[in-house]
Amino acid sequence: MATIKQKTINNMAWSVTERVSLQVIHMVISIVLARLLEPSQFGLIGMLAIFTSIAQSILDSGFGSALIQKKDATKTDASSIFYFNLFIGIILFGILFISAPYIANFFNQPILTSLTRVLSLTLIINAFSLVQLSLLRKNLDFKKHFIVSIIAVLFSGLCGILAAFAGLGVWSLVVQSLTFSLAQGASLWFLNKWRPAFEFSYPSLKSMYSFGSRLLIAGIIETIFKNVYQTFIGKTYSATDLGYYTRAQTMETAVSVAGSMALGQVIFSAFSPYQDDNDTLKQVHSKTIRMSMFVILPVMIGLIVIARPLFVFLLTEKWAPSVPYFQLLSVIGILFPIVVQNYNLLRIKGRSDLHLRLEIFKYVMTIIAIALTYKHGILELIYGQIAVALISHFVVSYIAGRLVGYSLIDMFKDILPSAVTALIMGAGIFFVGKMDIQITLIRLIIQVLVGIFIYFLINKLIKSPNLEEVLSILRNLSSSLFQKIKGFLWKNR
């Protein structure tokens with residue numbers, strides 16, 4: 001177990017650093033663009049999210065995860081997936097190109113015709129790099145993944161900001177998306193030595209179809225319902241209303257998704273070889289949930305409390321209508337680390353069939369929630385989202401936990417101490433915010449410092465094992481990261 005832990009920490013050094021660095025950079029870029037552009041311009045891109053996201057899910061076809069999960073994957077397997085993805089990417093581009101006028105008519109926004117056609121070029125570009133990304137994750141080469149991601153985010157962010165300053169409006173966001181795909185693809189081909197062989201094997205694809213096809217269907221369903229609220233708001237309300245919603249969603253996911261997905265990538269790749277060792281998986285599952293919730297709970301609760309001054313300070317007053325959306329969506333974000341780990345456990349165990357069934361169950365509930373709330377406004381739609389998230393969370397946690405003997409009671413025991421401590425911390429931050437401090441930045445800094453102090457102090461007083469474990473991981477993580485960066489710099493002198 002010690003070897004597994006050290007292996008996970010070593011790879012987590014690059015993965016977590018990548019995610020945190022990317023989110024910081026992406027957030028800075030996003031803030032700059034939000035200050036330069038109007039909410040309605042973000043809303044226009046939000047209208048297209050469901051179409052481009054579904055196409056991207058189809059492009060991957062679940063074969064990327066199948067390539068990672070397959071123990072004896074060959075070069076023929078990878079090459080076959082590469083050519084299949086490229087063919088699918090061209091087909092999907094053609095479908096979106098032809099469908100663009102109909103999409104524009106659906107939302108009654110003529111500009112969406114040209115936006116859709118240009119954005120769909122990313123599908124062809126991304127088709128060239130999907131296998132490279134999967135192989136990097138399979139080989140746990142998160143250092144190269146980190147380098148590729150940083151290059152892509154910085155380059156695309158700079159291009160997007162320059163386009164916004166040039167007065168291109170909504171096209172600035174299109175420029176950002178296209179240049180991200182180009183920079184990512186070019187970097188992957190430069191840094192990754194893998195090249196497709198001139199061979200294609202249908203039996204090879206078929207051998208991964210059972211696992212990949214279920215993930216494909218589950219991914220498409222997930223993508224549809226992840227974006228269904230944006231689509232519904234864009235159709236029923238205005239582009240500006242959708243812009244407020246997407247901004248709130250972007251800010252929330254920047255916090256809740258980044259660390260969870262980083263850890264999720266490492267856990268899935270590192271522990272796939274132990275898919276038959278339930279004792280090891282149960283220990284990892286429990287510890288991952290405890291540690292992730294120990295971190296995410298105080299962060300999300302703190303953000304809920306300081307949301308309004310934070311939005312006004314970072315994005316200006318024009319984005320203030322996003323605040324209540326952000327606060328409610330953050331409740332869903334609190335659950336995200338557990339959701340990621342549960343689905344990772346299903347994938348590690350090779351139970352993509354359960355994954356698919358659970359996704360169908362969750363999104364049947366989503367349809368019911370939308371039907372019950374759509375007449376009452378955007379806030380009510382989000383209340384429906386929260387209800388669906390809570391119900392599906394417990395169902396998925398129960399089913400995934402049964403695979404390794406981890407019950408809902410075990411989960412509650414793991415989470416409860418952090419939840420109580422985070423709520424006390426949140427109350428402290430709230431009362432500090434009531435102090436008569438005129439300068440918003442100073443008030444925010446004091447609230448953050450007080451929150452950190454309260455959370456740390458309480459956990460120290462109760463001798464929380466979670467605190468000691470997190471501090472230990474951070475020390476190991478810092479040491480591992482320092483050695484990796486030192487070795488990387490020395491190697492390239």
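Hi everyone. Let me begin with one term: a residue is called buried when its relative accessible area is under 20%, and exposed when that area is over 50%. Keep in mind, too, that this is a predicted model.

With that term in hand, let's look at helix 9. Its buried residues include Ser172, Leu173, Val174 and Gln176, and further along the helix Gly185, Ser187 and Leu188 are buried as well. Helix 9 covers residues 171-191, and at 1.5 Å a residue its 21 residues should span 30 Å. The C-alpha atoms at its ends are indeed 30 Å apart, so the two values agree.

Now on to helix 17, residues 440-461. Here the expected span for 22 residues is 32 Å, and the end C-alpha atoms sit 31 Å apart, which agrees. Which residues of helix 17 are buried? They are Arg443, Leu444, Gln447, Gly451, Ile454, Tyr455, Ile458 and Asn459. These residues cover an arc of only 115 degrees around the axis, so they lie on the same side of helix 17. On the face turned away from that buried side, you will find the exposed residues Leu449, Ile452, Phe453 and Leu461.

What comes after this helix? Helix 17 is followed by Lys463, which has a positive phi, near 55 degrees. Then there is Ser464, in the loop between helix 17 and helix 18. Is Ser464 buried or exposed? With a relative accessible area of 4%, Ser464 is buried, because the cut-off is under 20%. Leaving aside residues up to four places away in sequence, Ser464 touches Phe294 and Asn459.

Two other loop residues deserve a stop. Most residues other than glycine have a negative phi. Asn108, however, has a positive phi of about 60 degrees; it sits in the loop between helix 4 and helix 5 and is exposed, at 63% relative accessible area. Thr316 also has a positive phi, of about 80 degrees. You can find Thr316 in the loop between helix 12 and helix 13, where it counts as partly exposed, at 26%.

Last, the second largest pocket, with a volume of about 290 Å³. Its lining has 16 residues, and Leu297, Ile334, Leu335, Ile415 and Ala419 lie nearest its centre. Helices 12, 13, 15 and 16 each supply at least two lining residues, with the largest share, six residues, coming from helix 16. What is the lining made of? It has 15 nonpolar residues, one polar and no charged.

Thanks for listening!

How values were computed:
Residues numbered from 1 in each chain as written. Predicted model: local features only at pLDDT ≥ 70, side-chain atom pairs only at ≥ 80, totals over all residues. Heavy atoms only, no water. 1 Å grid on protein atoms, 1.4 Å probe; cavity = no way out; pocket = protein on both sides within 12 Å on 5 of 7 lines; lining within 4 Å. Points joined across faces, edges and corners; volume = space filled by probe spheres on them. Helix = DSSP H or I, 4+ residues; strand = E, 2+ residues; numbered from the N terminus. Nonpolar A, V, L, I, M, F, W, Y, C, P; charged D, E, K, R; others polar. Expected span 1.5 Å × (residues − 1). Buried < 20%, exposed > 50% of the residue type's maximum accessible area, 1.4 Å probe, protein only. Arc of directions from axis to C-beta. Contact = heavy atoms within 4.5 Å.
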